[in-house]
Amino acid sequence: MDMFRLLPLTAIVILCISAAVHAQSSADDYLTWTASQAEAIGKSTRENGKAGRHGIFDTRIISTNKALNYYVRATLMTPDVIRAAARLQQLKERLTNDQTKKIVKDAENAGNLVIMIEIDPNEGSGVIPLDWRVFLQPKGLKSGSEGAITGVKAPQLRKMPALSGVYGRNYEYDIFWVTFPLVDENKKPLLSDDVQDIQLIVGIYSSEARISWKMRDSLRERIKTLSAK
């Protein structure tokens, strides 16, 4: 027999309120994280890659206007990573809880999925070409196959503290923010529910850096939410 049939209406209302309070409390747990906890969580999705030659010899001859290779770092801005950056900002700037919640909300409304990308040219001119490109796809997808999502560079996100990560700025790297749509114009998911790993591809000239992450449950939920709208 359904347990709710055995409970008076008042008890059911109390249970529902308690569940809602608990859910709200869990969602706001990040406001109690210590600095070390926030740093650990904020670093959890930062990965490294490299585009270009991986050897020790410089064979460019006269093409020294290009770098020998490009070191690439990428941080997947999951809800926890966003909250970690916001929590550190709260501790640093003495923000109230409401102010901290607002910068989290602003960050989460910035795009379907945000990835912060750092690029460091190794040797050469030190210039990153303006036409570098970026894609997100299921890991292992062959070049030319359907399924790659083109990223959109979003320099305006530089102003959002919850999207700046938890590391201090390394000025050897230029920082970029890229957004990726998760559903198409018909609300169809661009990443299927059975994808286990996602891969970021950063293309610079004829070389590509590849960085991978496990498909997060939070990303699956975000896709479901966007598909249902």
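**Helix 3, the largest pocket and the open sheet**

Helix 3 contributes the most to the lining of the largest pocket, supplying 4 residues. This result, like those that follow, comes from a predicted model. The pocket itself has a volume of about 420 Å³. Its lining comprises 19 residues, of which S164, G165, V166, Y167 and G168 are the closest to the centre. Besides helix 3, strand 3 (113–122) and strand 7 (174–180) each supply at least two residues of this lining.

Helix 3 spans residues 79–93 and so has 15 residues, where an expected span is obtained as 1.5 Å times one less than the number of residues. From the first C-alpha to the last, helix 3 reaches 21 Å, close to the 21 Å expected. Several of its residues are buried, that is, under 20% relative accessible area. They are V81, I82, R83, A84, A85, A86, R87, L88 and Q90. The buried set thus includes two arginines, R83 and R87, together with the alanines A84, A85 and A86. In an α-helix there are 3.6 residues a turn, so residues three or four places apart point the same way. Just after helix 3, R94 adopts a positive phi of about 60°.

In the protein as a whole, 5 helices and 9 strands are found. Read from the N terminus, the elements follow the order α-α-β-β-α-α-β-β-β-β-β-β-β-α. Of the 229 residues in the protein, 38% are buried. The exposed surface amounts to about 13,500 Å², and carbon and sulfur atoms supply 53% of it. Among contacts in the protein with a separation of 6 or more, 73% are between residues 24 or more positions apart.

Part of the strand content forms an open sheet of 4 strands, in the order 5-4-8-9 and with antiparallel pairing. Strand 5 (149–150) and strand 9 (207–214) are the edge strands of this sheet, each pairing on one side only. Within the sheet, strand 4 (residues 133–138) and strand 8 (residues 197–204) run antiparallel and are joined by 6 bridges. One residue pair in this arrangement is P138 with I198, the latter being its bridge partner in strand 8.

Methods
Residues numbered from 1 in each chain as written. Predicted model: local features only at pLDDT ≥ 70, side-chain atom pairs only at ≥ 80, totals over all residues. Heavy atoms only, no water. Buried < 20%, exposed > 50% of the residue type's maximum accessible area, 1.4 Å probe, protein only. Contact = heavy atoms within 4.5 Å. Areas by Shrake-Rupley, 256 points an atom, 1.4 Å probe, with all protein chains shown as cover. Pairing = 2+ DSSP bridges. 1 Å grid on protein atoms, 1.4 Å probe; cavity = no way out; pocket = protein on both sides within 12 Å on 5 of 7 lines; lining within 4 Å. Points joined across faces, edges and corners; volume = space filled by probe spheres on them.
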